[in-house]
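User: I'd like to understand how the labels used for this model are decided. Could you take me through some of them?

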Amino acid sequence: MCGIVGVLGTHEVAPILVEALKRLEYRGYDSAGIATVNNGHLDRRRAVGKLVNLSDRLVHEPLAGKSGIGHTRWATHGAPSEKNAHPHRTGSVAMVHNGIIENFRELRAELAAKGVVPETETDSETVAMLASYYLDSGKSPAEAARETVARLEGAFALAFLFDGEEDLMIAARKGSPLAIGHGDGEMFVGSDAIALAPLTDTITYLEEGDWAVITRQGAEIFDMQNRRVNREAKAIRMDATRIDKAGYKHFMAKEIAEQPTVLADALGAYLDGNKITLPGADLDFTKIDRLTMVACGTAFYACLTAKYWFERLAHLPVEVDIASEFRYREPPVLPGTVALFVSQSGETADTLAALRYCQEKADKIVSVVNVETSSIARESDLALPIHAGIEVGVASTKAFTCQLNVLLLLAIKAAKERGTMADSDIAGLLDQLRALPGVFNAALDRDTTIETAAQKISEARDVLFLGRGMMYPLALEGALKLKEISYIHAEAYASGELKHGPIALIDKTVPVIVMAPHDSLFDKTVSNMQEVMARGGKVCLITDAAGAAEAGEGVWQVITLPAVDERLAPLLYALPAQLLAYHAAVAKGTDVDQPRNLAKSVTVE
Ligand code: F6R
């Protein structure tokens, strides 16, 4: 969601803030703004749309000062407009916010009675209004910020600056991540290490409910009860924060192409010969009765795929749920349950809330994350990194395959410990998994064929995806990818469900993408495909050579992938799904890396 940066520096801060915001733009790009204190005076510049509009504004109306805060917005309350852009300013306070202030209406009413009126439609401005009110009633900036934070309900990461205070920044977090960066006579705040990486190599993550008084000399951190606390400063791995397109036109294209490499790295991290080793604590699957897996979006589809693996390979019952549903349903979590949360960012608000719901109930909280320092990782008993490297493209690609990889390894480990797979079968499957990066490369070589199909698909208004068994979650993922970046309406169904309703949608204008490796279910899927073609539907079949040979006449497009063990097919078939969406989006001329209305890290519910 929104990105926050703050700098108490030794140089002019406006260009530094804009540079840091560029690295945070994946979090939101509806509007952006910065505020500085210069010669004791607060001032700000804001612009609607992408960051480049703010940069243009700053050329014509520069902003001097060595202390500043910046923000890139993903609108929740109030349309994306310059007026609603952050930093918000009331009186002597400027403030940036990520999250949602749930009690802003009550606070506004209370402030209105005291004559403090809002200028915007946002919940966030209420924070500046409240802090300004406390300041005007004689409190110091730190007291005003502390009392403000104590009144807020909801989720927030905040950074405050004050008129007349060039060496003071207050930061606070609850529900949304915030890190403090340490420099030499300089201090920083940022939504994540990625924003701060060029500025510092040492950061401290604020914990839930923490707030901090920051000067150029350092930071004093207080917990929710206002007790002074020490939070560990950590070194950032600079290689893990490098962001560039490496010659690709889009981050998404680069991240798709990186999959053979990151998959090989991840396998290297988990496999010691044929032994699957987990970092940190072990997980003993002989003591587990069931798994409850919870996630959102693409990560949810990774969980759905893994359900097939855990059930088939390890005979372990698995429930999978969408985090936003799970968290409010109050489901029973029985003894013997391991609760497993999958999240690329590790900050998704609903997934984090679901994790907290399970904390006292499940035997163990396990997470599968990309960002190892994230809240979800830190609040888990066991956090399993997927080793995908930074994913910048808003549409998840390499994180999905790397999530699948870790989940498959866990399922194989479970199968071994529960005695449901023979050692020779495990060895054979792991051998094929080790060979998969090479197979990925071969699949990526089919790019031209996929691009041709995608160009045709890009002309459609509606697209259906079909898959059976493990290909069903892949069909869901393919449809999600297509709709989020190309804005083509896409739906996915389990192939067997077709004649229970969706078949009514079929006509010659609706391409139907059928994901069907030549596996034990292939014949069934081909029957469903024939039903589509008999009604004039245009089928794009993604299969392997044996599948292509058996598909018969009349298929509109065929994308042929290398043949793999059917248990590994979900990893491989993710690639054409991603490439189809990518090329369709490019053909339609949409903003591939920053699709409308979306943001990378969904830190509000
Ligand atoms: C789709 C996509 C989203 C995320 C979802 C969960 O391409 O990226 O659906 O998968 O918002 O995000 P994480 O994995 O960060 O919890």
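User: Which residues come nearest to the ligand, and what makes a residue count as near?

Analyst: A residue is near if one of its heavy atoms lies within 4 Å of the molecule. There are 15 residues around the ligand, and Ser 343, Gln 344, Ser 345, Thr 348 and Glu 484 come nearest. Please keep in mind that this is a predicted model, where local features need pLDDT of at least 70 and side-chain atom pairs count only at pLDDT 80 or more, while totals for chains, interfaces and linings use all residues. Residues are numbered from 1 along each chain as its sequence is written, and side-chain values use heavy atoms, with hydrogens and water left out.

User: What makes the pair between Thr 348 and the ligand a polar contact?

Analyst: A polar contact is a pair of N or O atoms within 3.5 Å; within protein, one must be able to donate a hydrogen and the other to accept it, and residues adjacent in sequence count only if both atoms are side-chain atoms. An N or O atom in the side chain of Thr 348 is 2.4 Å from a ligand oxygen, so the pair meets the distance limit. A backbone N or O atom of Thr 298 lies 3.1 Å from an oxygen atom of the ligand, and a polar backbone atom of Val 394 is 3.4 Å from one. The protein covers 90% of the 400 Å² of accessible area that the ligand has on its own (Shrake-Rupley method, 1.4 Å probe; for residues, only the protein chains shown count as cover).

User: Why is Thr 525 called buried?

Analyst: Buried means under 20% relative accessible area, exposed over 50%, and partly exposed in between (1.4 Å probe, protein chains only). Thr 525 has 4% relative accessibility, so it counts as buried. Thr 525 is found in helix α17 (residues 522–534); helices are DSSP runs of H or I with at least four residues, strands are runs of E with at least two, and both are numbered from the N terminus. Not counting residues up to four places away in sequence, Thr 525 touches Arg 468, Ser 495, Val 514 and Ala 516 (heavy atoms within 4.5 Å).

User: And is Thr 373 buried, exposed or partly exposed?

Analyst: Thr 373 has a relative accessible area of 24%, so it is partly exposed. Thr 373 lies in the loop between β21 (364–369) and α12 (375–378). Its side chain makes a polar contact with the side chain of Tyr 205, at 3.0 Å.
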